[in-house]
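This report looks at how some helices pack, at where two chains meet, and at a few individual residues. The structure is shown below.

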2 protein chains.
Amino acid sequence: MKTITVKASISYNIYIERGSIKNCGNIIADTVKTRRTAVITDDIVDGLYGKTVTDSLEKAGFSVCKFVFPNGESSKSTETLNQIYTFLCENNITRTDCIIALGGGVVGDITGFAAATFLRGLDYIQIPTTLLAQIDSSVGGKTAIDLPCGKNLVGAFKQPKCVICDSDVLSTLSDEILSDGMAEAIKYGMIRDSRLFDLIASHTLENVSEIIDDIVYSSVSIKRDVVENDEFDTGERMILNFGHTLGHAVESYYNYETYTHGSAVAMGMCMITERECAPEILEKLKNCITAYRLPVKCDAPVHELLKLCSNDKKRESGNINYIVCREIGKAEIKRVTVDEFNRLMEGK
Amino acid sequence: MKTITVKASISYNIYIERGSIKNCGNIIADTVKTRRTAVITDDIVDGLYGKTVTDSLEKAGFSVCKFVFPNGESSKSTETLNQIYTFLCENNITRTDCIIALGGGVVGDITGFAAATFLRGLDYIQIPTTLLAQIDSSVGGKTAIDLPCGKNLVGAFKQPKCVICDSDVLSTLSDEILSDGMAEAIKYGMIRDSRLFDLIASHTLENVSEIIDDIVYSSVSIKRDVVENDEFDTGERMILNFGHTLGHAVESYYNYETYTHGSAVAMGMCMITERECAPEILEKLKNCITAYRLPVKCDAPVHELLKLCSNDKKRESGNINYIVCREIGKAEIKRVTVDEFNRLMEGK
């Protein structure tokens, strides 16, 4: 088993091993004192892994209750959150118990937020079941729910007690969900690790399973390094936003329906690289993205995307921060006025 | 102006001065960089101080938007919280802006929780307008909302950027609301400061206004000391719960309708003191409580209260922590099994 330790406001381990989900009970029993736990998951993941996880927990001596909500981004809402709170109340979960997020990014984000706020905070554990969740959302302690007026607008920083990544579960993912995660893996290569980028670029969606353990380990390591330096997202952590300022705008323009997060980030990375970098960097990036069946170009009018950029959660009055990789493996944070950003993007 | 500095995960000042509410704009302008702010308050407080605060803020260069909800505990709900989130969205409040809680405990608690979670946290400022809020809820960073299944079940630790206590506003309080706060002031005397207790005991609700500045300053100082040592409520901070384990049970037994929080705490302090302390301590405590028109005895059956105690948010499997003051000015934390606590309370 490979272990990556994150030293944030609390220190915790990310365990990466094939088959670890079957052994999650023992790992969790070694991590927390309580033997009472609530599993939060969605209906699709529950069908695939619910029983495996519950069995493993019970075998390790846990009493387990489980809350299942419908799969999909629309569940990341105040309504589902209130249902989770009620469920935790009804099952007498106390501040010394722990809750487990079993699923992709939606499950991890909303469960983490419930753990951050129920009884002013109790322990939680992430068992991410998508590539995106394993390499991105389950690490770093950002938790959130959506509001009708925007995504991830309510949240908290809450580090998990541990993260259990089983890359075997990635084999059950559809191509679309796998691609979704690969966009973030490509991003890690671009911002911090040219070796990782080259490795990914020398494979395709068809044979990526051969290198998936390396991808998960390398990506999580990069995220760990960045998060340790900037737990509360006030500086360096911004480099993780490469492709995201425009990517979020693309997602929002299409009402989060047409493109996955990964597809939008892929387009966002290409758009900013096209404006700011040498053509050979853009070409390498585009080739890599295409090999993972992700889009390199967006049909949405640029001026519409720009309106949405300046409405981003991370905006500050009048300025926009964005990330550029002039070399593969190196990221720079740029801070310009909204006007300058608009001129750059519109090529004026 | 008297200033008390709290050194928690962020350091902040509590400003105590008569008339400071009229000058809040300048104080806040010296505390935060932004000049955009949202004031959150209730309809009663808005009628009394809304205009004063808005005028002062605008004079100091702030643009101000304001959200007003109905006064009362029933507003400390997920519904009001979602309305606040929507209001903050609609008014384009960003992570670098700040929000202001103007009101009593309900306003402070829900606004603080909104500030802890909207956009994963932004600055907020407390302007407490009741004695209870000035000496208790506005200091220490505990924020919360109620759930249908219980009070304060969802919350976060979030320290304000500053607290502005204007004891002039206490003169507009009804006797009942003033008494409500005096129970906590008596508690501070009991757990930490015999001089404060004696000062309070030598006055009554009728002439307490003569010493109210001393009470606010001394109480806030004690709370500051305790909170600094135990920001996240894992140890010493428990002494602030003197009278509260039983007090919460009393409030809950009467559905939070018959007794104010202060009345319930007053009864809780008497109940535990009667069981554990010398008769002269109990007598002093009862005399003092009576002088502030607070109750010393509760008609609810003890066994019903005990059921509610073991259901407290702060319970851990099988144990109860409670606080005893064998001498005025000194608190001890006691930790017993639920059974032992029940035997103690039922006099068996």
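Are α6(B) and α8(B) parallel or oblique to each other? In this predicted model, the axes of α6(B) and α8(B) cross at roughly 55 degrees and come within 10 Å; an angle between 35 and 65 degrees falls outside the parallel and perpendicular ranges, and the two helices are therefore oblique to each other. Their crossing is left-handed, and the residues that make the contact are B:A185, B:Y188 and B:R192 on the side of α6(B), with B:I215, B:S218, B:S219 and B:I222 on the side of α8(B). Sorted by class, the residues of this contact comprise four nonpolar, two polar and one charged.

Helix α8 of chain B, which covers residues 212–229, has 18 residues and spans 26 Å from its first C-alpha to its last, close to the 26 Å expected at 1.5 Å a residue. The buried residues of α8(B) include the four that touch α6(B), namely B:I215, B:S218, B:S219 and B:I222, and among the others are B:I212, B:V216, B:V220, B:S221 and B:K223. The cover over the buried residues of α8(B) includes the strands β1 (2–7), β2 (11–16) and β9 (162–165) as well as the helices α5 (131–137), α6 (175–192) and α7 (194–201), which belong to chain B.

A second helix pair lies in chain A, where helix α12 (residues 302–309) and helix α13 (residues 338–346) pack at an angle of about 155 degrees with their axes 10 Å apart. Because that angle is over 145 degrees, α12(A) is roughly antiparallel to α13(A). The crossing of this pair is right-handed, and the contact joins A:V302, A:H303 and A:L306 of α12(A) to A:N342, A:M345 and A:E346 of α13(A). By class, three nonpolar, two polar and one charged residues take part in the contact of α12(A) with α13(A).

The table sets out the two pairs.

| Helix pair | Angle | Axis distance |
|---|---|---|
| α12(A) and α13(A) | about 155 degrees | 10 Å apart |
| α6(B) and α8(B) | roughly 55 degrees | within 10 Å |

Between the chains, the contact takes 24 residues from chain A and 24 residues from chain B. On the side of chain A that touches chain B, α3 (78–90), α4 (105–117) and β8 (150–157) each supply at least two residues, and β8(A) gives the largest share, six residues. That side of chain A has 11 nonpolar, nine polar and four charged residues.

Some single residues of chain A also deserve a look. Most residues other than glycine have a negative phi. A:R120, however, has a positive phi of about 60 degrees although it is not a glycine; A:R120 sits in the loop between α4 and β6 (123–128) of chain A and is buried, with 22 other C-beta atoms within 10 Å. A:D233, also not a glycine, has a positive phi of about 60 degrees and is found in the loop between α8 (212–229) and α9 (244–253) of chain A, where A:D233 counts as buried because 20 C-beta neighbours lie inside 10 Å.

A:S11, by contrast, is exposed, with 10 other C-beta atoms within 10 Å, and belongs to strand β2 (residues 11–16) of chain A. Not counting residues up to four places away in sequence, A:S11 touches A:T5 and A:V6.

Conventions:
Residues are numbered from 1 along each chain as its sequence is written. Chains are lettered from A and ligands numbered from 1 in the order in which they are written. This is a predicted model: local features need pLDDT of at least 70, side-chain atom pairs count only at pLDDT 80 or more; totals for chains, interfaces and linings use all residues. Axes are lines fitted to C-alpha atoms, for helices over the stretch in contact, and angles run from 0 to 180 degrees between N-to-C directions. Angles under 35 degrees count as roughly parallel, over 145 as roughly antiparallel, 65 to 115 as roughly perpendicular and the rest as oblique. A crossing is left-handed if the near helix is turned anticlockwise from the far one by less than a right angle, and right-handed if clockwise. Two residues are in contact if their C-beta atoms, placed from the backbone, lie within 7 Å. Ala, Val, Leu, Ile, Met, Phe, Trp, Tyr, Cys and Pro count as nonpolar, Asp, Glu, Lys and Arg as charged, and the others, Gly among them, as polar. The expected span of a helix is 1.5 Å times one less than its number of residues. A residue is buried if 20 or more other C-beta atoms lie within 10 Å of its own, exposed if 12 or fewer, and partly exposed in between; C-beta atoms are placed from the backbone.
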